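Here is a brief report on a two-chain model. Look first at how each chain is divided, then at how the copies meet.

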2 protein chains.
Amino acid sequence: MAKNTSLSTESYKGVRDFYPEDMAIQNYIFNTWKKTVEKFGYVEYTASILEPAELYRAKSGEEIVNEQTYTFVDRGDREVTLRPEMTPTVARLVAGKKRDLGFPLRWYSIPNVFRYERPQRGRLREHWQLNVDAFGVPGTEIDVEAITLAYEIMKAFGANDSDFGIKISSRKLLNAIFSTWYELDEQKSKALQKLIDKKKKMPEEVFAVEAEKIVGKPFSFLNTQSSEYQEAMAIPVIREAKEELDSIIETLNKRGIKNVEYDETLIRGFDYYTGTVFEVFDTNPENNRSLFGGGRYDELLALFGGESLPAFGFGMGDVTIRDFLETRNLLPKYTSSASYMICIMDKSATDYADQVAKELRNEGKNVCVNYSYKSIGDQIKSALKQSIQYCIVIGEDEVKNKTYTIKDLTKEA
Amino acid sequence: MAKNTSLSTESYKGVRDFYPEDMAIQNYIFNTWKKTVEKFGYVEYTASILEPAELYRAKSGEEIVNEQTYTFVDRGDREVTLRPEMTPTVARLVAGKKRDLGFPLRWYSIPNVFRYERPQRGRLREHWQLNVDAFGVPGTEIDVEAITLAYEIMKAFGANDSDFGIKISSRKLLNAIFSTWYELDEQKSKALQKLIDKKKKMPEEVFAVEAEKIVGKPFSFLNTQSSEYQEAMAIPVIREAKEELDSIIETLNKRGIKNVEYDETLIRGFDYYTGTVFEVFDTNPENNRSLFGGGRYDELLALFGGESLPAFGFGMGDVTIRDFLETRNLLPKYTSSASYMICIMDKSATDYADQVAKELRNEGKNVCVNYSYKSIGDQIKSALKQSIQYCIVIGEDEVKNKTYTIKDLTKEA
């Protein structure tokens, strides 16, 4: 309790403090998410940020478990992880009560998730993430719904079709090509997948050389115009996967979602995807990056010992979308949830001020009373600093006449 | 990725999973909190669960820092704590931007907080807590407001005045008695305070003996009828503290809050309290326990190097209030936020089903479409399992006639 060494007011590195202005933006984003996904019948669930570490050992992709998680041993010798993503948790919950739950099941959550990495623009150690998951639909109707929902969320934020695009691809198609056409084993398939994931970050020639190393011959498959590609389409498992993908795009187009296109290089990080994957990206040429995405993961639930269960989900982070909305000027202006400040001229007016506050609250208004007994000028300055819209001054006259005037501070000269 | 050792579906020990039914209760509690505190002009803020460990070394009370926190060293050799309570964080935030903030400042948050202790009924390792804090009011108006707000929250949950009581006490009064009447030093004062805190858990005689050991003579002070108590009231600093406490109770009574009483043994755990402390308790004789509470902590902000700042706050946990509401049958019945399920009789009806869903969503309804193509009986069973109220069956006839019937599943025989 030594007062000479004062405490720092800084937060922990790479996480954020949410002062009311930031909280209001956060609430705006969360509420827009909630409203949109609930319209599609998704219901909310959540869980603790603390999860047994083993949950992430299975399928998240090794890099994440080993280097990028907050994992520690508790005093009971249990290895605990601060969840780095929500999908393993939702799979755990659904697997845990599979018999009691009705399917198709549509769930969403807005958890905070943690990554232990060097903080940089758009990449923090803690962020919140909308997670939308549907279980029990084997058909592509749910692929279409998830992508529609992603589109509707962007529209609900006020984005135009030209502000963002949707890339879509299929792990099923890739896997069919890898195993049937190139006859790659699982290890080589994974290596090639990882390479394709990084394709856009390397020169064409480097990619070609590296791909040939894995495949054992030139890998021309990402060129859909190549003769090899056309030939491969004669193989049923490949053709069917491609037709499935085409039908999803076609249905989306038919429903008015035109900014969607097949991207052969789209992989999405996680190992657990088994079918369609998609990504919403920013079309701003100066910031042409991924905003969010997801895909089908039909095998994940089998890890909990039961049968596999068709599943499709996506995640959308608060940092990325906030940045997108800021750049495009789509965020609402801040005003305090406290709409009224009652300023008191003299202590003797307090009782009446409290009475007025009570009446306004009964009318559903949010009202704070300024008990500082400072000058009215100072009190109004405080209301302005807090972005409180209305102010009511209560003094001797108001007490005597039992009346008061409401002043709109946003309309002051 | 070995499938033979399947993953556990259990959560980490002492934390909860929130399936939709539990989430709905959580949302009900959170929304009731939010609505009530916002009426009093409190605005929302939040922060990360990760805080520098040093934040809790200063004033939280030693037991908490040393034995009951989740604290670990990160890879950058920083000591990090999962916040055990929110007050140090709110103090950090206010101290950090004191110049930019308008006062009086009213803030609230609903953070999850962590305690590393053996899980038991009502005591979990993670729980959520409403935190309500007001800064910048030195007078007792804010003591009255905080207790009024606590009362209003209980009423908003549907509790009757007879279901709960409010105990109130004053650290200022106790400290004045300790230092002026008994002439105890800080260490002895703290020891006596801790003893009084545990008074109700020990036989009267044990308390008397232990108290005499600390004080050096019989400690009769908790008997407000004793002559010693009456004599002490002649000392201004003691009398003023008592009068302040009396005036708070009187004002509350005048405003219709009658279930409030002075409890001389009320301490509340934290070291940082400096004035009024209060506690709301369950009047159920079988479960006569503390529900929540708080108090004045005028010195805490000085720890951050600036001046001290008048502050008053309280915290209210979700586990305790949920338990209270369950016991008294005050929780709302669960129905899904998804109000409609559209059941499809045949795949050919899907397009029209999707069209109906779209129309209903445009009317503001929350609608899910059952793409399972199972029997209608199975689909309705799924809706019932999920507590979805309405169902619409779309088959050949509906497609042809472009009409449909809405069935209320809560009114089925």
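In this predicted model, 51 Å separates the C-alpha centre of domain 1 of chain A from that of domain 2 of chain A. The domain assignment of chain A places domain 1 at residues 20–327 and domain 2 at residues 340–411.

Next, the symmetry. Chain B superposes on chain A by a rotation of 180°, with 0.0 Å of shift along the axis and an RMSD of 0.0 Å. The two copies are therefore related as by a two-fold rotation axis. Within chain B, Phe72(B) has the C-alpha nearest that axis, at 3.5 Å.

Now the contact itself. Chain A gives 75 residues to it, and chain B gives 75 residues. On the side of chain B that touches chain A, the largest share comes from helix 1 (residues 20–39) of chain B, with five residues. That side of chain B breaks down by class as follows.

| Class, side of chain B that touches chain A | Count |
|---|---|
| Nonpolar | 35 residues |
| Polar | 21 residues |
| Charged | 19 residues |

The copies meet through the same surface, because 100% of the interface residues of chain B are also interface residues in chain A.

Strands also pair between the chains. Strand 1 (residues 17–18) of chain A runs antiparallel to strand 3 (residues 46–47) of chain B, and two bridges join the pair. Which residue in strand 3 of chain B is the bridge partner of Asp17(A)? The partner is Ala47(B).

Note on methods. Residues are numbered from 1 along each chain as its sequence is written. Chains are lettered from A and ligands numbered from 1 in the order in which they are written. This is a predicted model: local features need pLDDT of at least 70, side-chain atom pairs count only at pLDDT 80 or more; totals for chains, interfaces and linings use all residues. Two residues are in contact if their C-beta atoms, placed from the backbone, lie within 7 Å. Helices (H or I, at least four residues) and strands (E, at least two) are DSSP runs, numbered from the N terminus. Ala, Val, Leu, Ile, Met, Phe, Trp, Tyr, Cys and Pro count as nonpolar, Asp, Glu, Lys and Arg as charged, and the others, Gly among them, as polar. Two strands pair if DSSP finds at least two bridges between them. Domain bounds come from an automatic or database domain assignment. Copies are superposed by least squares on the C-alpha atoms of residues with pLDDT of at least 70 in both.
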